[in-house]
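Trainee: I have the model open and would like to learn how to read it. Where do we begin?

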Amino acid sequence: MELLKIQGLTKIIKKKKILDNISLTVNSGEIVGFLGPNGAGKTTTIKLIMGLFHITEGEIKICGHDIVTDFEAAMANVGGIIENPDLYRRMTGRENLEYFASMYDNIDKKNIDDIVELVKMSERIDDKVKTYSLGMCQRVGIAQALLHNPRLLVLDEPTNGLDPIGIKELRDLLKYLAKEAGVGVFISSHLLSEMELMCDRIYIIDEGVIIGEKTIHDNGESQEELIFEYTFATDDNVRTLAYFNKLQTNCRMEKEGVAVVMKRSEMPRLIKDLVDQGIGIYAVNEKHRTLEQDFISITTGSKKQIR
Amino acid sequence: MKFLRQINVEIKSILKSRFLLIIGILVMVSSVVLPVIGFIAEQNRNSDGGGGIVRPLPITGPAYSVVDIDIAYPEMSGQEPIVIDGITITADNPFYWNINGLMQEKDNIEMDKGRFSDLEVLDLVLSLIDEEIKYYALFAQHIAEHTDYRIELAWNSSQKIYEKFIYEHNDIAEDKLFEAVSYKMGLDPDTFKEKYIDLTPEQRLEALDKLEEDLNAINKVVADNDFPQYINLRIQQEEDRISDFKEQIAIHEEAIIQNPSQEEGLNAIIEDLKRSIEMIETITIPTLQLRLERNIIPGEDTWENRALSDIEMNRNQLLYTEIISEEEFNKERHYVLQYGSYDKYVRAMQAQIDEYNNAIMIGEKSIEAGKPDMKFVPKGPRNRTIEFLRYSIFVAMFAVLLGGWSIASEFQHGTIRLLMIRPKTRTKILMAKFLAALTLSLVIYMLGSLLNLITNGILFGFSDYAYPNYTISGDINFFAYYVPKLLACTVSIIFAFAVAFMLSVIIKNVAVAVAVPIACFIGCNIVMATITYSGAMNWVAYTPIPYVQISSFFTQNTMVRYVLQRGIPLSLTYGIILLLVLSAICTFISLSIFKRRDITD
C-alpha cells in the first residue's frame, strides 16, 4: 500500500526552482532513504510533505489524503522530525510530549509512558528540555514523532547527535516498526553507510531533481539482476581482457586480474565461454558495489555539487 | 469543544514560562499592593498631624509699613502660648498666629514711632490694635479647631471693630482719628467724613447701638456655639451686602446721569453689582438656608460640605458663563486662537454648561437623598476603584508582551516546525494561541480589578459602595456604573494585544513585536500632549490615537479630559468601535499572512 505518494512536485521559492517535478512513493513496511548533497532539496521536500511549505505544483498524498485539500486527515497519519528536534525549552520532555499529544485524539498518559520507554528516556523525561543534550532532544524528537502511532514516519537527519549505540537502537527501532507494524519510513540522511544498513530503497536527489532510485536488499529473489564487479584471476589475463573488450563491457586490467562490471545472471554463461576458449580460471571474485560509490559516481555528474 | 480544550492547553503552555508567569503574578498582585501602599501613605500623613498648623501671613498693615520684612518673621517662629486677660492661647489655636502677628505689629510700631505724625495717633493705633486683639482673643477662647465654622464670623466682622472704635472716639480730632484708623482700614477722607463724622449725635448713637448689638450677637454665637443663630447672622450679613450693593448701584446710576460719556464703563460696573446681588439671592442665601435645614455645619470635612460648596461653585460658574454671539466671538482675537471656529467654541461652551448643570444636579440629589455621589467622597473606595481603571493600561502592556512573544518565540526557537506538523489547520493553531494569550490577559485584568475593588473595600470601608451614583437618566448603583467602564477598558487591552500579535506573526521577532506597540503607545501620548496645548486638530479625533487608553475617559486629570474641554469632539462610542474594528483587521491580517506563508526560521 502506498503510504506516501508524491507526483510531479515542483517548488519555486523567490523565482528559483528548488524542486523540479519530483515523484516518489513510500510503501507500507518499507524504509526509503532520501539521499543527496547539501542543498539538493531534501529538507524542502520533507517540509512540503509535512505541510510547512506550500506546493507550487504537483500533489502529495499521505494514506490517500491530499495534504492540501485534506490536511488534518493527512497529518493524522504522519509523524516526523524536520531539521533539528527543537522542543519547548521552558517545559520538561514529558510536558512537550503532552502538549503535542493534546493535538491528537485518544492519546493517554499510558501511550506517552510507553513511547518514553521505547526511546529510553524514562530517567530524564521530567527534566527541563534546556538541560538536555542534542542526543536526548533527538530521542524526545523521535518520541513525539511516534506518539500517535503514525502509519508514515518522515525523518530528516534523525541520527544527528546520536551516539553509535543510539544510532544502532534507532536503526533497530525503525526496522522493527517497518517489518512488524507495517510503518512506512521516509528518511533523509547524508550518512551513506547508515542508509545502506537500514534502507530498502533509496532515492538520490540533486539540484532538485531525482537522479536515481536504488533498491538495496532484495532478499535474494532478484539478486540475479544486480550488477556486481567481478575480478577474474586466469592463466591468460590478456586474452581474457580482449574477450571482455569484444563484448563491449566495462572492463580493465588490475593486479589481481581482469575486473569487469556485470549483471550476475550473465556470469555462468561467461565463465563457460572462457573455459571453452581454453582459458584456465583460478578464481572469480564477486565484489559488492557500495552505495557510496554509486552515490559519488552519480552525483559527480552534476557540476555544482555544493551550493 | 476540542477547540476550547486546545485554548486551555495553550494557556497552560504559556504559564510554563517562568518569566511570563512571574510577570503575570506581579501584574495581578499590584492591584492589591497599590491600594495598600496608598493606605499606608495616608496613615503616615495623618499621623504627621493632618492639616497641621495653618500659618497665615503676618498682618502687616498697609504696605508702606513693611520697612524690613526680616523684623517681622523670625521672632514669629516662637510658639509659646500667649496670655491675654487670663485667656491662654496655645500655638495650635486657629487664632494664635493672627494674635501673635498683631502683637508683633504693636512692637514694630513702638520701635518706629516716627511713622505717625503725633504720639496721640500712635496711642490711638495701639489701642485700636488692642481692641482687635481682644476681639480675636474672645474667638480664640471658644474655638480650638481650624475647621470651625465660627472662624468665618471673625474674619467677616473685623470691620465692625474699627467702626465701633471710630464712633467711640468722636472726641478725638478728626484728622488724627482718620490717620490712626486709615492705618488699618484704607479709607478716603471724604467717605470717612461723610460716613462717620458728619452725623448727628442721635445717628451716631444709633449706629453704635447697632454695631454693639451685632457684635454681641456674634459673641453669643461664638460663646454658645449656636448654629441656627449663626445662619441667621450670616443671612443678615449677606442681606447687608445686598443693600450695600444696591446703594452703590444707585450711586452709579446717579453718576451716569451726571457723566453720560462714561455710561459704558459705569454700566459694566452696575451689571457686575447686579450679578453679585443675584448671586447672593439665588445662591448664597439659599445655600445657607439649606445648611440650617439639613444641619450641615460648614468647615467640617464632610461630604455634605463638599457637595454644598460644589453646588455653590458650579452655580457661580454658570452665572458667569454665557455664550457670546458669533459677531462678538470674531472680535475676541484670543477666543478665535483658542477655539479655531465659532462652532467649536459653542460646542465647548455648551459642554461646559452641561457639565455645570450636571454637577449641580448631582450635588442636589446627593443632599436630598442624604447619600453622597462618589464625587463627594474623593478618597472613598468608589473613586479609588474608578481611578484604578488605569490598571487596564498596565495589563495592556502585559498583553503586548504575551502577544509579541506568542508566535515570534515559536519561530525564534524553531518550535514552530514541530507544532505545524499536527493535524490542525493553521487557522486553528493560530486562533488557539491568539485566544489563549488574550484570555489570559483579560482574566488577569478582571481578577486584578476584582481584587482591587475588594482591597479598597477592606481598607476604606465597603459602605461607600452601597451609595448610588447620580446621572441625568436617574440614580444608578455603583456597580452598574462601574462594570460598563471596566468592560470598555478591555477594548484597550484587546487592541494592544491584536497589534502586538500581528507584529509577532509578521516580524517573527519577540523584541520588535513587543517594543513597537509600546513605542506607539508612548507616541500616542505625545500626540495627545501636543494637541492639548495646540488647538484646531479635529482630525485627531478620528484616529485611534486618543482612544488607545480608554480608561482616560473615566479617570481624573487625563489628557483626554483636557482635549475634550478644548472642544475637540472625541466620542467614546466611536473610539470603542474603531479599536474593535482595527483589532479585527489586525487579527485578519495575522491570520491570512500566517496561512499563506512558508514556515522558515
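Trainee: How far apart do the C-alpha centres of domain 1 and domain 2 of chain A lie?

Mentor: Note that this is a predicted model. The two C-alpha centres are 42 Å apart. Domain 1 of chain A runs over 2–215, and domain 2 over 223–291.

Trainee: Which domains does the assignment give for chain B?

Mentor: Domain 1 covers 63–296, domain 2 covers 301–376 and domain 3 covers 381–596. Between domain 1 and domain 2 of chain B, the C-alpha centres are separated by 33 Å. Their contact draws 10 residues from domain 1 and 9 residues from domain 2. On the domain 1 side, 4 are nonpolar, 2 polar and 4 charged.

Trainee: What radius of gyration does chain B have, against a compact globule of 601 residues?

Mentor: Chain B has 34 Å, where a compact globule of that length would be near 25 Å. Now look at the box. Along the principal axes, the C-alpha atoms of chain B fill roughly 115 × 60 × 50 Å. Burial adds to the picture: 31% of the 601 residues count as buried.

Trainee: How many helices and strands are in chain B?

Mentor: Chain B has 24 helices and 4 strands. Next, check how contacts run along the sequence. Take those between residues at least 6 apart: 77% join residues at least 24 apart.

Trainee: Now the cores. Which residues touch the most other members of the largest nonpolar core?

Mentor: The general idea comes first. In soluble globular proteins, nonpolar side chains tend to be buried together. Here the largest nonpolar core has 148 residues, and Leu152(A), Val185(A), Val395(B) and Phe497(B) touch the most other members. Helix H21 (residues 478–507) of chain B is the biggest contributor, giving 18 residues. A second, separate core holds 24 residues, including Ala137(B), Phe139(B), Tyr230(B) and Leu288(B).

Trainee: What does Phe497(B) touch, leaving aside residues up to four places away in sequence?

Mentor: Its partners are Ala399(B), Val400(B), Gly403(B), Ala437(B), Leu438(B) and Ser441(B).

Trainee: And between the chains? How many residues does each chain bring to the contact?

Mentor: The size of an interface is often given as the accessible area lost when the parts come together. Here we count residues instead. Chain A supplies 26 residues and chain B supplies 18. Helix H2 (71–75) and helix H3 (93–101) of chain A each give at least two residues to the chain A side. That side has 14 nonpolar, 6 polar and 6 charged residues.

Trainee: Take a single helix. Why does the span of H15(B) agree with its residue count?

Mentor: Helix H15 (residues 342–369) of chain B has 28 residues, so at 1.5 Å a residue it should span 40 Å, and its end C-alpha atoms are indeed 40 Å apart. Just past the helix, Gly370(B) takes a positive phi of about 70°.

Trainee: Which residues of H15(B) are buried?

Mentor: Start with the helix rule. An α-helix has 3.6 residues a turn, so residues three or four places apart point the same way. In H15(B), the buried residues are Tyr345(B), Ala359(B), Ile362(B), Gly363(B), Ser366(B) and Ile367(B). Their cover includes helix H11 (263–294), helix H12 (303–320) and strand E3 (469–471) of chain B.

Trainee: What do the buried residues of H24(B) pack against?

Mentor: They pack against helix H19 (426–460) and H21 of chain B. The buried set is Gly575(B), Ile576(B), Leu579(B), Ser583(B), Cys586(B), Thr587(B), Ser590(B) and Phe594(B). H24(B) spans residues 572–596 and reaches 36 Å from its first C-alpha to its last, close to the 36 Å expected.

Trainee: Back to chain A. Why does His65(A) count as partly exposed?

Mentor: A residue is buried with 20 or more other C-beta atoms within 10 Å, and exposed with 12 or fewer. His65(A) has 18, so it is partly exposed. His65(A) lies in strand E5 (residues 65–66) of chain A. Leaving out residues up to four places away in sequence, His65(A) touches Asp70(A), Ala73(A) and Ala74(A). The C-alpha of Lys5(A), 60 residues away along the chain, is separated from that of His65(A) by 9.8 Å.

Trainee: Where does Glu83(A) sit?

Mentor: Glu83(A) is in the loop between strand E6 (78–81) and H3 of chain A. Check its backbone too. Glu83(A) is not a glycine, yet has a positive phi of about 50°.

Trainee: What phi does Lys120(A) have?

Mentor: Lys120(A) has a positive phi of about 55°, and is not a glycine either. Lys120(A) belongs to the loop between helix H4 (109–118) and helix H5 (134–146) of chain A. With 15 other C-beta atoms within 10 Å, Lys120(A) is partly exposed.

How values were computed
Residues are numbered from 1 along each chain as its sequence is written. Chains are lettered from A and ligands numbered from 1 in the order in which they are written. This is a predicted model: local features need pLDDT of at least 70, side-chain atom pairs count only at pLDDT 80 or more; totals for chains, interfaces and linings use all residues. The radius of gyration is taken over C-alpha atoms; the globule rule is 2.2 Å times the number of residues to the power 0.38. Two residues are in contact if their C-beta atoms, placed from the backbone, lie within 7 Å. A nonpolar core is a set of buried Ala, Val, Leu, Ile, Met, Phe, Trp, Tyr and Cys residues joined through C-beta atoms within 7 Å. Domain bounds come from an automatic or database domain assignment. Ala, Val, Leu, Ile, Met, Phe, Trp, Tyr, Cys and Pro count as nonpolar, Asp, Glu, Lys and Arg as charged, and the others, Gly among them, as polar. The expected span of a helix is 1.5 Å times one less than its number of residues.
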